[in-house]
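Grab your viewer and work through a few short exercises on contacts between and within chains. Each one gives a task, then a solution in steps.

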Amino acid sequence: MKKESRILWKLFTSTLYLSTFTFGGGYVILPMMEKKFVEDFEWIDEEEMLDLISISQSAPGSMSVHASVLIGYRMAGLIGALVTFTGTIIPPFIIMNLLSYIYGAVRGNLLIGHLLRGMQAGIVAIIVNLIYKMVARILKKKKIIPIATLFLSLAGIFIFNLNIIYLLLFAGTVGAIETSLAVKKEDQKVRNSQEAKR
Amino acid sequence: MIYWQLFMSFLRIGLLSFGGGYAALPLIEEEIINSRGWMSTTDFVDVLTMSEMAPGSLSINSATFVGNHIAGIPGSFVAALGVTLPSALLVLLLAFVYYRFRNFSLLQGIIRGLRPTVTALIISAGISIIPASLFKDNEMAASVKNLDFISVLLIMIAFWILRKSKLGPIQVMVITGVIGIVSFGIFPS
C-alpha cells in the first residue's frame, strides 16, 4: 500500500514538473517523458514507451496529455491515469488563468501592445513555416492519394464551404480503405511466396 | 447555459483535432470566432501568441484562456476539462484495445489518411488569421495603405530565422517581440 502511494506521488510530481517546464507542446514533452520514465525511473522499457507514444498519436487531442495518462494507467491503473492527468493539466491551467487576468489589465499598455504585435508576427511566421513543411512533406512523397486528398480538401473548404467533420470523415475513410487494401496485398504477397516455396 | 456551451465547444475541439498541436487551430477558430462569436480574430491571435509562449499544449492553453475570458475561472475549468478529458478517455480505450489485439495498422492508416486534410484545414485557419497581423486596422479594407510594413518585415525575418537557424518558435517570438517594441516605438502607426 505504501509503495503504491509512493508511485502515485512520483507520478504526480513528475508530470507536474514536466508540464510546468516544457515549452513547445507534444514534440518537446514526449522526449522529456521518455528520459524521465525510461532512463531515470526505469519504469518502462524503450519499446513499450514507443508503443505508448504511437497510441497517444493515434487519438485526437493533446499528445502530451495522452502520453502522461497512458503512463499513469500503465503504472497504477485508473487512479494512476487520473493522477497524471491532473498533474499535466494543473500547470497550464494556472498559468493561462494568470495570463488571462494580466492580459485584461495590461492590454491597453502601449509597450505591451508593441510586444504583442511583434510576437504576433512571430506566430504568423511559425504558422506559415508549419504549413510549408506539411505541404512539402505531402508533395515530396509523390503519391497520388494524399496529394489528391489535399487538393480536394482545399476545394471543399474554400469553394464548397464544407463542414470540418465531413472533411475529416472523408479523409479518414480514404485512409482506412487504402490501409486495408495495402494489408490485403501484403497478405497476398506472403501467401504467394509461401506457395512458391512449396 | 454558458458552462455547458464552453464544455461542448471544447469537447468538439478535443475530439476532432487529429495530430495534436496546431491541428486544433482550425477547430478553435471555427468554434470560438465563427460559430460562437466569443472573440474577435485580433484577440484570438493574442490568445495564440500567449498559448505558444506558455508551457502546455496549444489546445489546453487556449481553452483555459478563452474559458476565463468568457466565464471566469469556472469557465476556464470546464473548457480545459472539455478539451482534455474526453480525448484522454478515448486514448485509454485505445490502449486497452491495443494491449488486447496488438494490431494498430488500420487506425494508423486512418490517421495517415487524415494528414492532408488536416494540412488543408490549417492552411485555411492560417489564411483567416494572418490578416490580423498584416493590417493596421482590421475594421478597414485590406489595402496597401492599411498594410503594416513593420509587421510584414518582421514576419519575413521570423520566417527566415525559422528556416535557416535551429532556433525554436519561442526564441523566434521573443526576438520579434523585442524588435517589435523597438520598431513600433520608433515608428508608431
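## Exercise 1: The interface

Across the interface of chain B and chain A, 19 residue pairs are in polar contact, with both residues at pLDDT 80 or more. Keep in mind that this is a predicted model.

**Task.** Work out how many residues each chain brings to the contact, and how much area is buried between chain B and chain A.

**Solution.**

Step 1. Start with the residue count: chain B puts in 95 residues and chain A puts in 82 residues.

Step 2. Now the area. The size of an interface is often given as the accessible area lost when the parts come together. Here, about 7700 Å² is buried between chain B and chain A, and carbon and sulfur atoms give 76% of that.

Step 3. Look at who pays on the chain B side. B:Pro55, B:Val91 and B:Leu92 lose the most area to chain A, yet together they make up 8% of what that side buries.

Step 4. Add the charged pairs: the count between chain B and chain A is 2 salt bridges.

Step 5. Finish with the elements. On the side of chain B that touches chain A, those giving two or more residues are α1, α2, α3, α4, α5 (105–129), α6, α7 and α8 (169–186) of chain B. The largest share, 23 residues, comes from α4(B).

## Exercise 2: Salt bridges

**Task.** Take the salt bridges A:Arg107 to B:Asp43, B:Asp148 to A:Arg117 and B:Arg12 to B:Glu31. For each, say where the partners lie and whether they are buried or partly exposed.

**Solution.**

Step 1. Side chains of opposite charge can pair when their charged atoms come close. Over all chains, a search of the whole structure turns up 5 salt bridges.

Step 2. A:Arg107 and B:Asp43 meet at 2.8 Å, N to O. This pair crosses between chains: A:Arg107 is in the loop between α4 (63–106) and α5 (110–140) of chain A, while B:Asp43 is in helix α3 (residues 41–53) of chain B. A:Arg107 is partly exposed, at a relative accessible area of 44%, whereas B:Asp43 is buried at 16%.

Step 3. For B:Asp148 and A:Arg117, the N to O distance is 3.0 Å. B:Asp148 sits in the loop between α6 (131–134) and α7 (149–164) of chain B and A:Arg117 in helix α5 of chain A, so this pair joins two chains. B:Asp148 and A:Arg117 are both buried.

Step 4. B:Arg12 and B:Glu31 have their closest N and O atoms 2.9 Å apart. B:Arg12 belongs to helix α1 (residues 2–16) of chain B and B:Glu31 to helix α2 (residues 24–35) of chain B, so the pair ties together parts 19 residues apart in sequence. B:Arg12 is partly exposed at 33% relative accessibility, and B:Glu31 is buried at 7%.

## Exercise 3: Rings

**Task.** Classify the geometry of the aromatic pair A:Tyr103 and B:Phe65, then find what sits over the ring of A:Phe41.

**Solution.**

Step 1. The whole structure has 9 aromatic pairs over all chains. In the pair A:Tyr103 and B:Phe65, the ring centres are 5.6 Å apart and the planes make an angle of 65°. Planes over 60 degrees apart count as edge-to-face, so that is the label for this pair.

Step 2. Place the rings: A:Tyr103 is in helix α4 of chain A and B:Phe65 in helix α4 (residues 58–101) of chain B, so the pair joins two chains. Both A:Tyr103 and B:Phe65 are buried.

Step 3. Turn to chain A. Ring pairs link A:Phe37, A:Phe41 and A:Trp43 into a cluster. Over the ring of A:Phe41 sits the charged end of A:Lys10, 4.4 Å from the ring centre.

## Exercise 4: Two threonines

**Task.** Which residues do B:Thr41 and A:Thr179 touch, leaving aside neighbours up to four places away in sequence?

**Solution.**

Step 1. B:Thr41 is in helix α3 of chain B and is partly exposed, at 26%. Its contacts are B:Ile33, B:Ser128, B:Ile129 and B:Ala132. As a distance check, B:Thr41 and B:Ile130 are 89 residues apart in sequence and 9.4 Å apart in space, C-alpha to C-alpha.

Step 2. A:Thr179 is in helix α7 (residues 164–197) of chain A and is buried, at 11% relative accessibility. A:Thr179 touches B:Ser105, B:Leu106, B:Gly109 and B:Ile110.

Methods: Residues numbered from 1 in each chain as written. Chains lettered and ligands numbered in written order. Predicted model: local features only at pLDDT ≥ 70, side-chain atom pairs only at ≥ 80, totals over all residues. Heavy atoms only, no water. Salt bridge = Lys/Arg side-chain N within 4 Å of Asp/Glu carboxyl O. Helix = DSSP H or I, 4+ residues; strand = E, 2+ residues; numbered from the N terminus. Buried < 20%, exposed > 50% of the residue type's maximum accessible area, 1.4 Å probe, protein only. Phe/Tyr/Trp six-rings, centres within 6.5 Å; stacked < 30°, edge-to-face > 60°. Lys NZ or Arg CZ within 6 Å of the ring centre and 35° of its normal. Contact = heavy atoms within 4.5 Å. Buried area = accessible area lost by both parts, 1.4 Å probe. Polar contact = N/O pair within 3.5 Å; in protein donor to acceptor, adjacent residues only side chain to side chain.
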